[in-house]
Amino acid sequence: MEGASDGFEVVTSEGSGAEQSPASSQGKAVGKAGDLAEESLLPEPAGTAQSEKSWDQQSPQNSVLPKNTANGTETASMIEDSQTLRKIGPVFNETVQTENQKHFSGKVIQQNYHMPYVITVRVQRGSHSFQEVDVKIERPTYNKPFLGGFRNISTGVEFHNAGSQTKSKKRPDKGIQLFCKETQTIVEKNKQQQTRNTTSTQMTKIGLYVSNMTDKLITPGKYFTAEEYHKRRLEAVIVLQKYFRRWHAINLVQNLKEQKRLRLAREAQEELQKKREKEEKLRREYEKKLNPKTKEDFELLYHDLELWMQEETERINRTLTGAERKAALCALLEEETQLIACIGMHKLDANLENQQKAIMHFLRKCAQPRRWKAFDGKITEMDTQSTLRGKELLEIYCSITTKDIPKDERISVLLTVKCTVKEHECKLTQELVALIDREIDLISREVKECNLEGLRKRISTLFLQYIKIPEFNPEAAGLLKVPQDPLKLYKRVYFCHSCENYLASTEFPIPANSRTIGRCRSCYRLDNEARQREAYLKYRLILEDLRKSEVDYQDDSKIIFLVQLADMQYLIENIWNCQSALSGSSDLYDLVMVRWDKQHEWSPWNTILLTKEEADAHLKLCNLEKTYEAPFIYKMEQKHIRAKNYFAQIPVMSSFLHRSNNQANANSYKKHSSSKLKK
């Protein structure tokens, strides 16, 4: 190209397969060499897109002007200055190349060009040194907006500004929702309309006939005035209202019938449930009397015995006189003695059974592993050295108390016990080892098992004492009633003047009005069985239910935990007469005590005795004065005053009583002041 004349040399290439556009508008160049990022990129001379070296190195698919004739390159003759490329007429997919850069700018005319994935850029490193860098073209995944450019009129190729070839800069998020212009303005659209066109109607006239076969004869109808129109509308509305009201009345009646049916079914279900609960309660009570096991069961037995004695005595006094009456009373007394002896035998059996259950409960507690609840609700268990020791002792005790086992197994169990207790030398273990040796010797002599029962019982009793010693079983230290520290024991021990025993403070029932320590619980129970024979189970159930309900309020109630069983019995029998304040029901199993005013804590002067259903309805009330009548409220206030007078004698209750009086005075002052303001 250096020795070329002023003309042009045309080079055509058919089927070269290289397609490129002058300036890519759909890609972004990213340099692979990081150290050359800051150096300037030198543009190629006019008429060329790459250096000669780059032409030789590129493949035919990426070359702009292929130099070889591999793809069918043809070189034409020189073009005169007066001729143009348009006159020569290059066809589609041909390449035109210039050799004179002075008269022609060297632009390459191409069609259907697409930017390749990798291009080569020549970078100047020094004054006379250059370096070629491969640049990867990134294809965008979005339609970039048009930010300006120009279009070649002759070829129709569009050249976009450089700003459209780079990723758009994202605006920082300010935390405020922004809207574009389109959502803030009305949507406009163009709609074509046709203006009115004045037309005329052709009629029949002289010299013109127009057929009237398709004409219609229209006659005016009856004229409606405005009053008639509105009247007709009103009549139609009335008809619609009639049908709607009929439909609404039918639905209302059906809903009322359905509600009535559901209410009757619910009431029947509740009645049936009450009947079942009452039958179940009577069955459990009968079962307790038939097979008594607890102290409450024996209280019920003695209470029924006393009721039977009173009925029989009343019948004998009413029907018999003189010697016959005395003989009948003596026979009744003898029968009562037999019944008391029978109850005593049941009590002994129940005590033995309860004692064995208490021993097994104690041993299982010693063998129980440590348990705690994790954050996810799962229970985690961990066995410690002391709990493993407790498990071992539990298994040995169960084996030693098992009856009717073969002699070999019995001897093996005894040897295990002997090895276990030999670890600790003391008087108890020595005696236990001696008894074990004696039983083994008797078994070897084939002594009958009935003659060994006493010896085996002594062995099991001594082994139980061994288990209860904290030095041999560390888990027993926290389960024994007697504390290990004698100082703590001295502070909590009191003397019972009735049985003349020193007992813990928990063994003494202390009523709220007592000032000194009286008899212990066992003495009270023995006196009740011998004289009064009263059953406190019903009062105990009412007191337990009341304490549970007060705990659910979570308002730091204290008075209910000061009230004892005797105080509750006095409150129910003497103040509320063992019946409901509303319905008069006297079934103590169905009665509960609740707060009279639920805004204040329970106290003997803020309570009411009701059935369970009445109590649920009473606790839902917000204003007692509007719900209950004045005579009923006055009756309740009188009962509360009687309770105050009784419990005011108790020193502990006096402080709560003064506080409740202050609250009552404050409430009355607020009501009085509010009534004045209304006036």
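Here is a friendly exchange between a colleague and a modeller about this predicted model.

Colleague: Good to see you! What are the ground rules for numbering and for side-chain values?
Modeller: Residues are numbered from 1 along each chain as its sequence is written, and side-chain values use heavy atoms, with hydrogens and water left out. The model is predicted, so to speak of local features we need pLDDT of at least 70 and side-chain atom pairs count only at pLDDT 80 or more, while totals for chains, interfaces and linings use all residues.

Colleague: What mean pLDDT does the protein chain have, and which element has the highest?
Modeller: pLDDT is the predictor's confidence in each residue, from 0 to 100. The protein chain averages 77, and 74% of the residues score at least 70. Among its elements, strand S2 (residues 28–31) has the lowest mean, 36. The highest mean, 93, belongs to helix H4 (residues 226–290).

Colleague: How many contacts beyond four places in sequence does the model have for residues 675–679?
Modeller: Contact means heavy atoms within 4.5 Å. Over residues 100–110 pLDDT stays under 50, and the model has 23 such contacts there. Over residues 675–679 pLDDT also stays under 50. The number of contacts beyond four places for residues 675–679 is zero.

Colleague: How many helices and strands are there?
Modeller: Helices (H or I, at least four residues) and strands (E, at least two) are DSSP runs, numbered from the N terminus. For the protein chain the tally is 18 helices and 13 strands.

Colleague: What share of the residues counts as buried?
Modeller: Buried means under 20% relative accessible area, exposed over 50%, and partly exposed in between (1.4 Å probe, protein chains only). The protein chain has 679 residues, and the buried share is 26%.

Colleague: Which helix gives the most residues to the largest nonpolar core?
Modeller: A nonpolar core is a set of buried Ala, Val, Leu, Ile, Met, Phe, Trp, Tyr and Cys residues joined through side-chain atoms within 4.5 Å. In the largest, of 34 residues, Met568, Leu571, Ile572, Trp576, Met593 and Ile608 touch the most other members. Two or more residues come from each of helix H13 (537–553), helix H14 (565–575), S12, S13 and helix H17 (630–647). With six residues, the top contributor is H17.

Colleague: Which residues does Leu571 touch, leaving out those up to four places away in sequence?
Modeller: Leu571 is among the members of the largest core that touch the most others. With sequence neighbours up to four places away set aside, its partners are Trp576, Met593, Trp602, Pro604, Ala643 and Phe647.

Colleague: Why do the buried residues of H15 line one face of the helix?
Modeller: In H15 (residues 612–619), Glu614, Ala615 and His618 are buried. Seen down the axis of H15, they line one face because their directions, taken from the helix axis to the C-beta atoms, fall within a limited arc. These residues pack against strand S12 (591–595), strand S13 (607–611) and helix H16 (624–627). The arc is 100°.

Colleague: Which residue in the turn between S8 and S9 has a positive phi?
Modeller: Two strands pair if DSSP finds at least two bridges between them. Strand S8 (residues 370–373) and strand S9 (residues 379–382) pair in the antiparallel sense over four bridges, with Trp372 opposite Thr380 and Arg370 partnered by Met382. They form a hairpin with five residues between them, and the turn residue with phi of about 90° is Gly377.

Colleague: In S5, which residue is the bridge partner of Val121?
Modeller: Strand S4 (residues 118–124) and strand S5 (residues 130–138) run antiparallel, joined by seven bridges. They form a hairpin with five residues between them. In S5, the partner of Val121 is Val133.

Colleague: Is Arg533 buried or exposed?
Modeller: Most residues other than glycine have a negative phi. Arg533, in the loop between helix H12 (521–532) and H13, has a positive phi near 55°. Its relative accessible area is 5%, so Arg533 is buried.

Colleague: And Glu446, buried or exposed?
Modeller: Glu446 sits in the loop between helix H9 (427–444) and helix H10 (453–467). Its phi is positive, near 60°. At 63% relative accessibility, Glu446 counts as exposed.
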